[in-house]
Structures are given as structure tokens and as C-alpha cells.
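Student: I should like a close look at a single part of this structure, with enough of the overall fold to place that part in context. Please give one connected account.

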Amino acid sequence: MLFALITTLIIIWIVMWLFYKFMYPKPPTHYYPQEGDVLTPRQCDFCGHDLEEYRGVLESKPQGDGEWFFCNYEHQADFHAGKTYQSPH
Ligand SMILES: [Zn+2]
């Protein structure tokens, strides 16, 4: 009886472990800074949010004078669409 209980517990543990391994293999490597990533904080040209450069989107200005920086492609698109940032708060 006790043996059956222990066996069941071990099976459950193995299943849980497999489930965990399968569901959460690894955090995406993109999440952590990679070698060569630029960690300089920059300010989004659309919403003004500070973000490390490697997490955002860089775009060269057409005239070649510097570059724009955005949190994500959405802010980049909104910026070029001439929208004004609406704070969610
Ligand atoms: Zn932004």
C-alpha cells in the first residue's frame, strides 16, 4: 500500500517535471542581453520611455543625421503616422 503511494507520487513528480520542461523550455534568449548588445539607455522618440538600446528599435534618419529610437515597432509606426502618444495612465 505504501509502495503504491510512493510509486504514484514519483510518477506524478516525473509527469510534472516533463510538463514543466515542455511548457517552459527556457526564457527566450532575447530576454537577456547578448554579447555585443548595446546597453546604453535611450529614450523613445514616440513615448519618451527609457529603454536599453538593444531592446528597442533603431532607425536611421533619412538625411543621415543621427537616428530615431523606439520601444517597439508599434511606436515606430505610430511615430511615422504622426500620432501623439497617449499615456495609458
Ligand atoms: Zn515608446
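Tutor: The account below begins with the overall fold and then turns to one hairpin, with a brief look at a helical residue at the end. The model is a predicted one. Its secondary structure comprises two helices and four strands, arranged along the sequence as α-β-β-β-β-α. The radius of gyration is 23 Å, whereas the globule rule gives 12 Å for 89 residues, so the protein is more spread out than a compact globule. The C-alpha trace extends about 80 × 35 × 20 Å along its principal axes. Buried residues account for 9% of the 89 residues. Of the contacts between residues at least 6 apart in sequence, 30% join residues at least 24 apart.

The part chosen for closer inspection is the hairpin formed by β3 and β4. Strand β3 covers residues 57-60 and strand β4 covers residues 67-70; the two pair in the antiparallel sense through four bridges. Within this pairing, L58 stands opposite F69 of β4. Six residues lie between the two strands, and in this turn G64 adopts a positive phi of about 80 degrees.

For a view elsewhere in the chain, consider Y20, which belongs to helix α1, residues 2-23. Is Y20 buried or exposed? With 10 other C-beta atoms within 10 Å, Y20 is exposed, because a residue counts as exposed when 12 or fewer such atoms lie within that distance. Y20 and Q34 are 14 residues apart along the chain, and their C-alpha atoms are separated by 25 Å.

Technical notes:
Residues numbered from 1 in each chain as written. Predicted model: local features only at pLDDT ≥ 70, side-chain atom pairs only at ≥ 80, totals over all residues. Pairing = 2+ DSSP bridges. Buried ≥ 20, exposed ≤ 12 C-beta atoms within 10 Å, placed from the backbone. Rg over C-alpha atoms; globule rule 2.2 N^0.38 Å. Contact = placed C-beta atoms within 7 Å.
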